[in-house]
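Here are some notes for a first look at this structure. Please read them with the model open.

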Amino acid sequence: MRTPLQAMLWELWRTSRLELLFRVGIHVFFILFLCGFTAETGVTEGTNIGEANVLRGVIILMLVSGCVFSITWLASLDNQHIGFSFRLGFSRPVSTTALVLVPMIYLVSTAVVGFLFSATLYGTLSGIFIPLPGLASIVACLVTCFIAASWSPTSMAGKWIGTITVAIALIGSYTVFHIQRQDPEPWILAMGKSDYFVLAWQYYAVFLVTCAIAAVVTVIGVDRQRHGDDWEIGTFILSGVTRFRAQPKALASPATKPFTGRVAAQIWYEMRRFGCKMLLIGVLTPLLPLAAVCIGDWLNPNTDFAPVMWLVIIFICPFAYQLVGSDEATGLRRKQGATELSVFDATRSMPNGQLIAIKLLVIAVCSLIGFVWMGMTAGLHSTVVGNWDSWDKIGETTSAIIGDVPGYWWLVGISNALLLYVSSSSMLLAFGLWLPLYPTRYFAGVVVAFFHIVLAVWDAKNGWALQPLWIAYGYLFSVVIFIGCIFALRKALITRAIGKRLFGCAFCLWLIYIGSSLAIYVKASPSFAIPTPVLALSISLLLVPLAATAIAPLALASHRHG
Amino acid sequence: MRIEISLQDGVPIYRQIVNQVKYLIASGQLDAGEELPPIRTLAEQLLVTPNTIVKAYGAMESEGLVYKRHGAGTYVADMKSPLARKEQKKILAQRADALLAEASQLNFTFDEVLDLLRNRHTALNKSISKESNNARKHG
Amino acid sequence: MPENMVEVHQLSRQFGTTRALDGLSLEVQPGLVYGLVGANGQGKTTLIKHLLGLLRAKQGSVRVFGMDPVKHPVNVLQRVGYLSEERDLPEWMRIDELLRYTAAYHPKWDQSYADELLETFGLDKARKIKELSKGMRAQAGLIAAAAHRPELLLLDEPSTGLDAVVRKDILNVIIRTVADEGRAAIFSSHLLDEVEQMSDYVFMIDQGKLVLRGNLDKIKEQHHLLSVRFATSQETLPPIDDVLSAEQHGKTWSIVCNGATQKVRESLGEIGGEVTQTRNASLQEIFVARVGRNSLSLEE
């Protein structure tokens, strides 16, 4: 490495290469899944333009958001250090401009290349045309703006203001663009048209200028951070805020009351560490679909897709919150490329099972609050707009599908869903804890899975010639999952990674889960037949929620005890 | 009670404490029957482990310098006893050893050392009488 | 004889190809202060991490209060006060929040002692940990470790990078902890004069092995520093039993020897050396003699 530039690029590559590989893997996996899906529907450019447009629109949306919200810089969004992520560079003999532009260009390039790769792959495999230059420029512009919003501010408030500003600017400018086209069709159809993202040179000029402005702003912001200055406007606003907050603090000092026990203390700790962040995200997220729905209503006053959209989002949001929460809850810190559990967390005099249970509790409570709030926002919006009859129609359609069931079945279904949700949180937590320990094994698994997906897609197109293989896989996996769960449970109980009381509670809940699943199966089985391998797989999967309670404490233990 | 610990000459810390207390007693800065600081206090003052103080007090007790009063403190023993005089002699002997060793190093004969001692003694007496004259004049 | 607070038996640990610990055995008894001495990367922190259960003993065994710290994290960690080398504390907490949180884990928390230490150190309770200087972080971490009157105080490089005032505070806390019945303290340090001043017992670790252990006073009385003058200039000295190191300054050599001083004098006399000065070696001199570059002690 002879120049500082080479050194910086090497450092960036070394700290981000695993994440990049992971992203590539996810993209390919996703593309292949989409290809298989498209192949199933038999939609191509030639046959059905309308549906092709919808498909293209959806895929463009997913690809762009996937490439923009990459892990590398998203991680810097919720980092402990507000501002520039590569602070070690401040004491190196490089100018701030180089220090900022090199990683920025690196991140933008990786995002754009990722997008081009995925889009080309999809286009080639499915035969649906995706306009590359326009979208690639949009991706580049978005990434630059979000990086600017993430690196320039020096306080949490500044970060949120910056990010929200960029989001609003994005939505606003896009709305203007869409209105300008004066397309009478619904938005998704319009967006999917093959000429929608084919842009005139003026647009590229605008993107370039925006990127340049964002880069300049970032360089200035980081330079201030380098020399210990603050954004004066920011501090001015903040000082007003803190002055306002300081007075009530002086009067009441609840911080002097001791905790009633270590469980209470740990709950407080986890809440302060990541629960508040989750709550904040939960409170602010409904604004996005709200904005989208309002704009959609304004653009297309005839169609009423709001209830469907709300329903989908309400269904998805707990899982999204769960993903965010379990990533934060692991307590692992990414320090200059290495992931580790802090010594402070590792020396808590509390058993691993209890620590995991408290993390799950905080995740569950915060997700629940977010979920309820999302529902309330939906309800509020519907009341204001006055489209409750659309909701009724959906309700009728659903009842028609499910058929006539007594009320208590809803209870069974809901309890089943809740238990599954908690166990999936546990699995996500365990996954988040295991992954940094064995990145190579995980990557190998992804490669193997990717290969099989390709195989499955190919097989689907060729009339399921390999069906015996898939059946065999079904049985094999059920056996493997079953044995794996038993093994994990045994290890957890022997090493006492989970205490007897906690395990007892989990076991009782699991019995309830088994009972409700069986009941649902018995009730539903006359309606449709389930092939045997799938049945075997489902039975083995029944064991997974119980094993999940064991796996997360085991993963935490391996971090704690090296 | 002012004690200084030095890590320079390799003398164990507890020994240094013992020696310094001996000196304080012999030179009259610690009176008979005076209480020595509690172990904990002295440990915190000197920044040494309590065990070291325990050792020091134990050594002093076995040499007859101090005595313990039924677990309630350590007190300086009466120095007029023949044991005390013996201890004071030991202190001087140590000083003499050091002087003689240094003199031998610097190639002084024993007679030269004696001459030196006599000269210093005379000088010391002169300055003491001068001071007492001044004190009488201004006193 | 009091029961051992810590028992380490034939502990070995490898990280990749590096042997961090190699067949280490030691015991810690209550009522004493133990100094852990060794050069960087020789195994001090690895040993301390084993005592806390932060590393699982793969070869050999570790028992703290008679229990395996990995199997009984609650029982062991509750009675241990630990200050890590990196002063690892949550950045976002305030000092009073940190103390309140730590108090919940240790039933024997003494709030008056914590308040007294806060005042002595002059720390502002309302400040966040990320705003604190290095010395203040060490002080805050020390209060959290010591205020619950732990039976075992484990300090990993407590004085490194700190000014003399804060160092005195730390030593003071160690003394106050050990002055109570049945407590022990283990602290690792590079500052050998501190270890010399503050330890009853010393463990010297080199390349993962325990090269020297014992009561500090006995060690110092056993090791002697001899100044030897030779009539003619010597290039090197022949190997002599019990001589740990030999350093040349012109015609005079400084020799550190362990134990049989008289025999060494005689051996030196045989090769024409005259011992001009003898004194007890300081811990620093012993350390450098045993593990430094001029060391002649090649214990395999």
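1. Where do Tyr174(A) and Phe177(A) lie, and how many residues apart are they? Both sit in helix α6 of chain A, residues 156–181. They are three residues apart, about one turn of the helix. Keep in mind throughout that this is a predicted model.

2. Aromatic pairs come next. The search of the whole structure finds 23 of them over all chains. The rings of Tyr174(A) and Phe177(A) have centres 6.3 Å apart and planes at 40 degrees, so this pair is tilted. Tyr174(A) is partly exposed, at 24% relative accessibility. Phe177(A) is buried, at 12%.

3. Now take a pair between chains. The ring centres of Tyr269(A) and Tyr101(C) are 4.7 Å apart, with planes at 20 degrees, so the pair is stacked. Tyr269(A) belongs to helix α10 of chain A (residues 262–284), and Tyr101(C) to helix α3 of chain C (residues 95–103), so the pair joins two chains. Tyr269(A) is buried, with 2% relative accessibility. Tyr101(C) is buried too, with a relative accessible area of 0%.

4. Which aromatic residues form one cluster with Tyr269(A) and Tyr101(C)? From chain A come Phe259(A), Trp268(A) and Phe344(A). From chain C come Trp92(C) and Tyr105(C).

5. Two arginines deserve a look for their place over a ring. Arg441(A) lies over the face of Tyr438(A), 4.1 Å from the ring centre. In chain C, Arg149(C) lies over the face of Tyr113(C), at 4.2 Å from the ring centre. Arg149(C) returns in point 10.

6. On cysteines: how many disulfides does the structure hold? The count is zero over all chains. Why does Cys211(A) form no such bond? The closest cysteine sulfur is that of Cys141(A), and it is 4.3 Å away, too far for a bond. The cut-off for a disulfide is 2.5 Å between the sulfur atoms. Cys211(A) is buried, at 18% relative accessible area. Cys257(C) is buried as well, at 0%.

7. Helix α18 of chain A runs over residues 467–494 and has 28 residues. At 1.5 Å a residue, the helix should span 40 Å. Its end C-alpha atoms are 40 Å apart, which agrees. Which residues of α18(A) are buried? They are Gly474(A), Ser478(A), Cys485(A), Ala488(A), Leu489(A) and Ala492(A). What covers them includes three helices of chain A: α19 (500–524), α20 (532–542) and α21 (544–560). After α18(A) comes Arg496(A), with a positive phi near 55 degrees.

8. Salt bridges number 26 over all chains. One of them pairs Glu97(C) with Arg272(A), at 2.8 Å from N to O. Glu97(C) is in helix α3 of chain C and Arg272(A) is in helix α10 of chain A, so this pair joins two chains. These helices also hold the stacked tyrosines: Tyr269(A) is in α10 of chain A and Tyr101(C) in α3 of chain C. Is Glu97(C) buried or exposed? It is buried, at 8% relative accessibility. Arg272(A) is partly exposed, at 31%.

9. Chain B takes part in a salt bridge too. The side chains of Arg40(B) and Asp180(C) meet at 3.2 Å, N to O. The pair crosses between chains: Arg40(B) is in helix α2 of chain B (residues 39–46), while Asp180(C) is in the loop between α6 (164–179) and β7 (184–189) of chain C. Arg40(B) is partly exposed, with a relative accessible area of 32%.

10. Within chain C, Glu131(C) and Arg127(C) meet in a salt bridge, at 3.9 Å from N to O. Glu131(C) is partly exposed, at 45% relative accessibility. Arg127(C) is partly exposed, at 28%. Elsewhere, salt bridges that share partners join Arg40(B), Glu44(B), Asp110(C), Arg149(C) and Asp180(C) into one network. Arg149(C) thus has two entries in these notes: it belongs to this network, and it lies over the face of Tyr113(C).

Terms used: Residues numbered from 1 in each chain as written. Chains lettered and ligands numbered in written order. Predicted model: local features only at pLDDT ≥ 70, side-chain atom pairs only at ≥ 80, totals over all residues. Heavy atoms only, no water. Phe/Tyr/Trp six-rings, centres within 6.5 Å; stacked < 30°, edge-to-face > 60°. Helix = DSSP H or I, 4+ residues; strand = E, 2+ residues; numbered from the N terminus. Buried < 20%, exposed > 50% of the residue type's maximum accessible area, 1.4 Å probe, protein only. Lys NZ or Arg CZ within 6 Å of the ring centre and 35° of its normal. Expected span 1.5 Å × (residues − 1). Contact = heavy atoms within 4.5 Å. Salt bridge = Lys/Arg side-chain N within 4 Å of Asp/Glu carboxyl O.
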